[in-house]
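Biologist: Could you walk me through this protein, one question at a time? I am new to reading structures.

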Amino acid sequence: MIQCLQVMFFLSILVAFAACDAPPVPLDDILIEKTFVPEQCVRAVKVGDFVRYHYNGMFPDGKKFDSSYDRGSTYNVFVGKKQLIEGMDKALVGMCVNERRLVKIPPQLAYGKRGYADIIPPDSILHFDVLLLDVWNSEDGVQINTYHTPSTCSRKVEVSDYVRYHYNGTLLDGTLFDSSHTRMRTYDTYVGIGWLIAGMDQGLLGMCVGERRIVTMPPSLGYGENGDGSDIPGQASLVFDVILLDLHNPRDGIAVTNQKVPESCTRKSVAGDFVRYHYNGSLLDGTFFDSSYSRNRTYDTYIGRGYVIAGMDEGLIGVCVGERRTITIPPHLAYGEEGTGTKIPGSAVLVFDIDIIDFHNPSDSTEITVTHKPEECNKQTKKGDFVKYHYNATLMDGTSIDSTHNYGKTYNIVLGANQVVPGMEDGLLDMCVGETRHVIIPPHLGYGERGVTDEVPGSAVLVFDIELVDMEEGLPDGYMFIWNDDVSPDLFAEMDKDQNKQVEPSEFTDYIMQQVSEGKGRLAPGFDPYRIIDNMFSNQDRNGDGKITEAEFKLKADESATHDEL
């Protein structure tokens with residue numbers, strides 16, 4: 001058994017030596033070794049295709065006779081049209097982009113018995129290390145592969161639209177030649193009117209904002225035979241990975257979508273109104289750029305007067321308080337080609353989600369609605385009356401400001417004494433005890449542009465629900481004290497208790513308070529009685545020496561000018 005094995009081993013060595021000494025077996029056809037095959041092969045070379053490839057040409061002993069790499073340019077040729085040696089024509093068929101093949105070509109499929117000049121001897125076997133970079137056909141058009149579609153698409157790109165998009169541009173083998181992302185700015189252009197290469201003009205049509213697609217085009221629809229002179233070689237297929245960010249047409253107006261419309265709307269905004277509203281501002285692709293909510297204050301402006309961008313001026317017309325709407329504004333009605341610099345790019349469509357808090361007109365007066373009136377109403381409030389009332393105060397959107405019910409007591413004022421805002425003065429006039437009213441006060445009759453810190457926003461319309469609880473009739477206009485009975489002819493003498501021919505402040509005060517307590521006179525209600533009396537004394541003390549003489553003392557009826565006195 002051992003001897004048999006030794007004999008077999010000896011015979012195998014002889015066979016091996018015989019093989020080394022034997023002449024090479026002639027090639028009848030090309031031999032192909034695939035040294036690299038890409039994972040994906042969208043398209044394989046067919047007869048009639050145009051290809052771009054790199055190669056190293058060598059003899060069987062490894063000696064190089066030619067190389068496209070050394071020339072710094074690919075070899076570009078049609079396949080199967082006898083523009084190549086027959087063996088290479090056959091070797092390229094079926095190749096994929098980025099595939100690499102080692103091809104052995106016999107002389108009869110190469111340069112045969114004649115060879116090629118002084119470079120390739122007769123009857124030479126040729127080896128080619130081939131890397132395919134590009135393939136296309138003269139019948140090819142634009143190829144589109146959409147790999148992300150947004151959930152909603154209200155509009156698609158049409159001819160003459162203006163678009164903003166990002167892209168990565170590569171050759172068919174994946175070599176990057178350009179990218180808008182690296183420049184950190186979109187590519188902005190019209191579509192379908194020749195501002196782009198033909199393939200991109202076609203490839204962008206029908207896209208939605210937010211859509212992503214791969215656009216592949218042959219060189220005839222790209223940069224043709226000459227390329228772009230730098231990064232794109234001649235006869236190169238181009239691949240663009242595109243995301244559409246924005247879309248509009250120069251003929252566009254604003255688009256308004258109502259998100260919420262209140263059930264009741266007694267009034268809609270018109271040009272010249274002053275509006276307070278909240279908003280979120282974004283670009284068409286959803287990129288956020290600004291919000292009034294983040295500043296915790298409304299945006300306040302006149303509308304229809306050019307105080308805001310034209311699209312917002314138009315979009316805020318015809319709204320109700322409490323309405324929510326989305327306003328989409330094309331750039332020519334917003335910030336135009338320049339944008340605002342950092343937040344809003346040039347030629348950007350803007351989307352505003354707005355919430356109308358309130359609005360008014362500078363010509364507005366106080367709006368009064370009687371919600372309850374008692375059957376009996378003998379007296380109505382007037383200027384000078386001392387009134388006691390309850391109120392609930394809110395903003396137009398219902399935000400609570402204040403309520404007397406929280407304090408368990410009424411709010412008490414003298415009408416016409418500037419103790420409340422003018423709008424409340426209006427709202428309390430001509431009321432009956434027990435009457436309730438709904439009062440809407442514009443800011444110029446309320447707290448104006450400044451408002452009240454931490455309580456009432458600037459330029460806010462106020463809403464009061466008021467109930468008149470009690471009232472005390474005031475004095476005639478210009479009077480702080482009146483007599484209920486006839487005035488004593490010895491008035492000065494009655495005041496001058498010590499009969500020294502002058503009235504001291506204490507004598508004056510004691511006398512007036514006695515008349516009030518006995519019901520003979522009445523002080524204006526709602527004010528500090530001692531301050532009224534001090535004022536009355538000062539008016540009688542003509543020379544300001546702190547006492548009243550009989551010569552100084554006069555009744556109001558005797559005065560030519562109005563004084564808050566006797």
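**Getting to know the chain**

Modeller: Happy to! Let us begin with a loop: Ser459 is found between strand E23 (436-441) and strand E24 (462-472). Please keep in mind that this is a predicted model.

Biologist: Is Ser459 buried or exposed?
Modeller: A residue counts as buried when its relative accessible area is under 20%. The value for Ser459 is 7%. Because 7% falls below that cut-off, Ser459 is buried.

Biologist: What is the phi of Ser459?
Modeller: Ser459 is a residue other than glycine, and its phi has a positive value. That phi is near 60°.

Biologist: Which loop holds Ser160, and what is its phi?
Modeller: Ser160 sits in the loop that runs from strand E7 (143-148) to strand E8 (162-171). Ser160 is not a glycine, yet its phi is positive. The angle is about 85°.

Biologist: How many helices and strands does the chain have?
Modeller: Both kinds of element are present in the chain. The count gives 11 helices and 28 strands.

Biologist: What radius of gyration does the chain have?
Modeller: For comparison, a compact globule of 566 residues would come out near 24 Å. The box filled by the C-alpha atoms, taken along the principal axes, is roughly 160 × 65 × 50 Å. The radius of gyration of the chain itself is 48 Å.

Biologist: What percentage of the residues count as buried?
Modeller: Let us start from the outside: the chain exposes about 30500 Å², with carbon and sulfur atoms supplying 50% of that area. Of the 566 residues, the buried share is 44%.

Biologist: Which residues are covered by the annotation "domain: PPIase FKBP-type"?
Modeller: This annotation comes from an unreviewed UniProt entry. Within one of its spans, residues 48-136, the end C-alpha atoms lie 9 Å apart, with 12% helix and 38% strand. In another, residues 384-472, the ends lie 9 Å apart, with 8% helix and 39% strand. The annotation covers residues 48-136, 160-248, 272-360 and 384-472.

Biologist: Where does His248 lie, and which residues does it touch?
Modeller: His248 belongs to strand E12 (residues 238-248). It counts as buried because its relative accessibility is 6%. Leaving out residues up to four places away in sequence, His248 touches Arg155, Asp161, Tyr162, Pro330, Pro331, His332, Ser347 and Val349.

Biologist: Which residues does "domain: EF-hand" cover?
Modeller: This name, too, is a UniProt annotation from an unreviewed entry. Over residues 483-518, the chain is 50% helix and 8% strand, and the end C-alpha atoms are 11 Å apart. The annotation covers residues 483-518 and 528-563.

Biologist: Is Ile482 buried or exposed?
Modeller: Ile482 is part of strand E25 (residues 481-483). Its contacts, apart from neighbours within four places in sequence, are Leu475, Pro476, Gly521 and Arg522. Because its relative accessibility is 19%, and the cut-off is under 20%, Ile482 counts as buried.

Biologist: How many Å separate the C-alpha atoms of Ile482 and Leu523?
Modeller: Along the chain, Ile482 and Leu523 are 41 residues apart. In space, their C-alpha atoms are separated by 6.6 Å.

Biologist: One more, please: how far apart are the mean positions of the positive and negative charges?
Modeller: The chain carries 50 positive and 84 negative charges. Taking the mean position of each group, the separation is 9 Å.

Methods:
Residues are numbered from 1 along each chain as its sequence is written. This is a predicted model: local features need pLDDT of at least 70, side-chain atom pairs count only at pLDDT 80 or more; totals for chains, interfaces and linings use all residues. Side-chain values use heavy atoms; hydrogens and water are left out. Helices (H or I, at least four residues) and strands (E, at least two) are DSSP runs, numbered from the N terminus. The radius of gyration is taken over C-alpha atoms; the globule rule is 2.2 Å times the number of residues to the power 0.38. Buried means under 20% relative accessible area, exposed over 50%, partly exposed in between (1.4 Å probe, protein chains only). Accessible areas come from the Shrake-Rupley method with a 1.4 Å probe; for residues, only the protein chains shown count as cover. Lys and Arg count as positive and Asp and Glu as negative; His and the chain ends are not counted. The place of a charge is taken as NZ of Lys, CZ of Arg, CG of Asp or CD of Glu. UniProt positions are given in the numbering used here, feature names are shortened, and annotations may be inferred rather than shown by experiment. Contact means heavy atoms within 4.5 Å.
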